[in-house]
Amino acid sequence: MYTTLFLMQAGIQFLLLLWLVRVYRATGLAIALAMIIPQFGLFYDNLIVGLGRFIGIGGFLEALSWPRFWIHWLFGAWMIIASGAILRLAGFGWAKNKAVMAGFCLVTVALMVHDLPYFWTTALYPVCEFDLVRYSTQVDASRFCSPDQVVVVGDGPPIAPIMTCFVVILSGLVLWVKRGFPWVFAGSLLMLITATPFFSRYKLDNFGEILIAGGIIWGIAHFSGRRRAWLARSA
């Protein structure tokens, strides 16, 4: 059941990736181009988790699993820059101020630096839950793949993803209240909800990633219409 779910989620993330590429080709927006990397990571993450039971525990699956974490650590917070860019596309004068956009970028860089030590301090361990076989940075007793495994605890709440959600939620709220576009807010809020322990135990946090990514891509596509109109008038 969950293997099928993750493969379906991979398919949806791939469709969102194609949409993002189409938006970039139509608008030439740098933010659309930049978001292709993290969006590919979301597709890849679900694909490898979905294929894990067919690949099996071992060095090959572990090697395939590392990029899942690298892309999250390095590029997950780029959604903050995307939310700032959407505010600019939506015509908020204060968001067009270079200092404001620099603030979005600085927060993103700070979260990337926060996660950077994971590259040399983190190990991956096999995890078996439901019908999934994957590698993770932590393991609890209910997810052992073999009797000789030991519990590996995490190092606390994932600061970067939580901060990213809150920034996107606030940006989305502004877009909803001032521009009547609720989908960035809805997608990021639902992402935060699905990441809570009650929902994440059923692996619904990955579905939440579809919602936040979809909201952001929709926001870029929707408000890039202003850019297309400007380009048409300038031609």
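Phe198 sits in helix 10, which covers residues 197-200. The model you are looking at is predicted, so please read every distance below as computed from it. Phe198 also belongs to a nonpolar surface patch of about 480 Å², which it makes together with Phe130, Tyr202, Leu204 and Phe207.

Let's move on to helix 11, which spans residues 205-234 and contains Ile210. Is Ile210 buried or exposed? Its relative accessible area is 8%, and because buried means under 20%, Ile210 counts as buried. Once neighbours within four places in sequence are set aside, Ile210 is in contact with Gln9, Ile12, Gln13 and Leu16. With Leu16, the separation in sequence is 194 residues, yet the C-alpha atoms are 8.4 Å apart in space.

Now for the aromatic rings. A pair of aromatic rings is described by the distance of the centres and the angle of the planes. Searching the whole structure turns up 16 aromatic pairs. One of them joins Trp66 and Trp70, with centres 6.1 Å apart and 20° between the planes, and this pair is stacked. Both tryptophans belong to helix 4 (residues 59-75), where they are four residues apart, about one turn of the helix. Trp66 has 17% relative accessibility and therefore counts as buried, while Trp70, at 37%, counts as partly exposed. Phe198 comes back into view here: its ring and that of Phe199 have centres 5.0 Å apart and planes at 90°, so this pair is edge-to-face. Phe199 is partly exposed, because its relative accessibility is 29%. Elsewhere, ring pairs connect Phe14, Phe40, Phe43 and Tyr44 as a cluster. The ring of Phe92 has a charged partner: the charged end of Arg179 sits over that ring, 4.1 Å from its centre.

Helix 4 holds another residue to look at, Ser65. With a relative accessible area of 1%, Ser65 is buried. Which residues does Ser65 touch, not counting those up to four places away in sequence? They are Ile48, Leu124 and Tyr135.

Finally, turn to the charged side chains. The salt bridges in the model come to six, and Glu129 is a good place to begin. Glu129 counts as buried because its relative accessibility is 6%. One salt bridge brings the side chains of Glu129 and Arg134 together at 2.4 Å, N to O, and Arg134 is buried as well.

Another salt bridge, at 3.1 Å from N to O, is formed by Arg143 and Glu129. This pair links distant parts of the chain: Glu129 is in strand 1 (residues 125-129), and Arg143, 14 residues away, is in the loop between strand 2 (132-136) and helix 8 (159-179). Arg143 has a relative accessible area of 23%, so Arg143 is partly exposed.

Glu129 has a salt bridge with Lys203 too, and here the closest N and O atoms are 3.6 Å apart. Because Glu129 lies in strand 1 and Lys203 in the loop between helix 10 and helix 11, the pair ties together parts that are 74 residues apart in sequence. Both of these residues, Glu129 and Lys203, are buried. Through shared partners, salt bridges join Glu129, Arg134, Asp140, Arg143 and Lys203 into one network.

Terms used
Residues numbered from 1 in each chain as written. Predicted model: local features only at pLDDT ≥ 70, side-chain atom pairs only at ≥ 80, totals over all residues. Heavy atoms only, no water. Patch = residues over 30% accessible without salt bridge, like charges linked within 9 Å, V, L, I, M, F, W, Y side chains within 5 Å. Areas by Shrake-Rupley, 256 points an atom, 1.4 Å probe, with all protein chains shown as cover. Salt bridge = Lys/Arg side-chain N within 4 Å of Asp/Glu carboxyl O. Helix = DSSP H or I, 4+ residues; strand = E, 2+ residues; numbered from the N terminus. Buried < 20%, exposed > 50% of the residue type's maximum accessible area, 1.4 Å probe, protein only. Contact = heavy atoms within 4.5 Å. Phe/Tyr/Trp six-rings, centres within 6.5 Å; stacked < 30°, edge-to-face > 60°. Lys NZ or Arg CZ within 6 Å of the ring centre and 35° of its normal.
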